[in-house]
Amino acid sequence: EDRGGNIWVGTETKSFAYWSHGAQKFIAVDPSGGVPGRASTFGEDRAGQVWIGDETGQLWRVRDGSASLVAGPAGNAIIADILLDHAGRLWVAASGQGLLRFNQPTAAVPQFRQYGYADGLSSLHLRRLAEDRNGAIYLGTGGGVDRLDPDLAHVRHYTSADGIAQ
């Protein structure tokens, strides 16, 4: 659900739509610049633009009623989760490709920073994202939980030894 009360959906026909709260009907969103896979996650930035990740690793941004492809890392990875943090940065969990951070998601051509093993991530197969009240980003992986301090670019890995259930 976006901040306007619209409910976003992906369909088996690999198209995007939303249930318009105001119009009380489904409205299709036409993709441009590519062919979407099935939607796997949705997010919204501060400007009210909806971001859609799909099962082929593509990331889409909806502006002015049309979904456009946003450049991301090369490779085939499910976009598993999208998080807007307190600072307005957009975080994307790309399973198999690691973590993406868009500092200015509303820019005409959003640029991202990719986090991986070299940055201290314990896994590139991310599943879920969350932010705590101090601004740390938590990454749920198949091997535990990583906590990223975005300001220091420091990662701490938690496992069953720290009380994480296996």
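These exercises, with worked solutions, explore a predicted model.

**Exercise 1. The seven-strand sheet**

Task: Find the strand order of the open sheet of seven strands, then its edges and its twist.

Solution:
- Step 1. Trace the order. It runs β1-β2-β3-β7-β6-β5-β4.
- Step 2. Note the pairing. In this open sheet it is mixed.
- Step 3. Look for the edges. They are β1 (7–10) and β4, and each pairs on one side only.
- Step 4. Add the twist. From one strand to the next it averages 30 degrees.
- Step 5. Zoom in on one pair. β6 and β7 (residues 66–70) are antiparallel and share five bridges. Within this pair, Trp 60 has Leu 69 in β7 as its bridge partner.

**Exercise 2. The four-strand sheet**

Task: Describe the open sheet of four strands, and explain what is left without a neighbour at its edges.

Solution:
- Step 1. Give the order. It is β12-β13-β14-β15, with antiparallel pairing.
- Step 2. Go to the edges. β12 and β15 (154–158) each have a single partner strand, so one side of each has no neighbour in the sheet.
- Step 3. State the turn between neighbours. It is 20 degrees on average, direction ignored.
- Step 4. Follow β12 (residues 126–131) into β13 (residues 137–141). Five bridges join these antiparallel strands. Glu 131 faces Ile 137 in β13.
- Step 5. Check the connection. β12 and β13 make a hairpin with five residues between them. Gly 135 sits in the turn, with a positive phi of about 95 degrees.
- Step 6. Move to the other end. β14 (residues 144–149) and β15 are antiparallel and joined by five bridges. Val 145 stands opposite Tyr 158 in β15.

**Exercise 3. Salt bridges**

Task: How many salt bridges does the whole structure hold, and are the residues of Asp 85 with Arg 89 buried or exposed?

Solution:
- Step 1. Count. The search finds five salt bridges.
- Step 2. Take Glu 55 and Arg 38. Their side chains meet at 3.3 Å, N to O. Glu 55 is in the loop between β5 (50–54) and β6 (59–63), and Arg 38 is in the loop between β3 (25–32) and β4 (39–44), so the pair ties together parts 17 residues apart in sequence.
- Step 3. Check exposure for that pair. Glu 55 has 35% relative accessibility and counts as partly exposed. Arg 38, at 35%, is also partly exposed.
- Step 4. Take Asp 85 and Arg 89. The closest N and O atoms of this bridge are 2.7 Å apart.
- Step 5. Apply the cut-off: buried means under 20%. Asp 85 has 4% relative accessibility, so it is buried. Arg 89 has 13%, so it is buried too.
- Step 6. Take Asp 162 and Arg 156. This bridge spans 3.6 Å, N to O. Asp 162 is partly exposed at 41%. Arg 156 is partly exposed at 36%.

**Exercise 4. Nonpolar cores**

Task: Which residues have the most contacts inside the largest nonpolar core, and which elements give two or more residues to it?

Solution:
- Step 1. Recall a tendency. In soluble globular proteins, nonpolar side chains tend to be buried together.
- Step 2. Size the core. The largest has 13 residues.
- Step 3. Name those with the most contacts inside it. They are Trp 91, Leu 99, Leu 129, Leu 139 and Leu 148.
- Step 4. List the elements. β8 (79–84), β9 (90–94), β12 and β13 each give two or more residues.
- Step 5. Inspect Leu 99. Its contacts include Trp 91, Tyr 115, Leu 121, Leu 129, Leu 139 and Leu 148. Arg 113 and Gln 114 are also among them.
- Step 6. Find the other core. It lies apart and has 10 residues, including Leu 59, Ile 82, Leu 90 and Val 92.

**Exercise 5. Aromatic pairs**

Task: Count the aromatic pairs, then explain why Trp 51 with Phe 102 is described as tilted.

Solution:
- Step 1. Count. There are six aromatic pairs.
- Step 2. Read the geometry of Trp 51 and Phe 102. The ring centres are 5.3 Å apart and the planes are at 50 degrees, so the pair is tilted.
- Step 3. Locate the rings. Trp 51 is in β5 and Phe 102 is in β10 (residues 98–102), so the pair ties together parts 51 residues apart in sequence.
- Step 4. Check burial. Trp 51 has a relative accessible area of 0% and is buried. Phe 102 is buried, also at 0%.
- Step 5. Turn to Trp 91 and Tyr 115. Their ring centres are 5.9 Å apart and their planes are at 35 degrees, so this pair is tilted. Trp 91 lies in β9 and Tyr 115 in β11 (residues 112–115), so the pair ties together parts 24 residues apart in sequence. Both residues are buried.
- Step 6. Finish with the cluster. Ring pairs link Trp 51, Phe 102 and Phe 112.

Conventions: Residues numbered from 1 in each chain as written. Predicted model: local features only at pLDDT ≥ 70, side-chain atom pairs only at ≥ 80, totals over all residues. Heavy atoms only, no water. Salt bridge = Lys/Arg side-chain N within 4 Å of Asp/Glu carboxyl O. Buried < 20%, exposed > 50% of the residue type's maximum accessible area, 1.4 Å probe, protein only. Pairing = 2+ DSSP bridges. Axes fitted to C-alpha atoms, helices over the stretch in contact; angles between N-to-C directions. Core = buried A, V, L, I, M, F, W, Y, C linked by side-chain atoms within 4.5 Å. Contact = heavy atoms within 4.5 Å. Phe/Tyr/Trp six-rings, centres within 6.5 Å; stacked < 30°, edge-to-face > 60°. Lists of a residue's contacts leave out its neighbours within four places in sequence.
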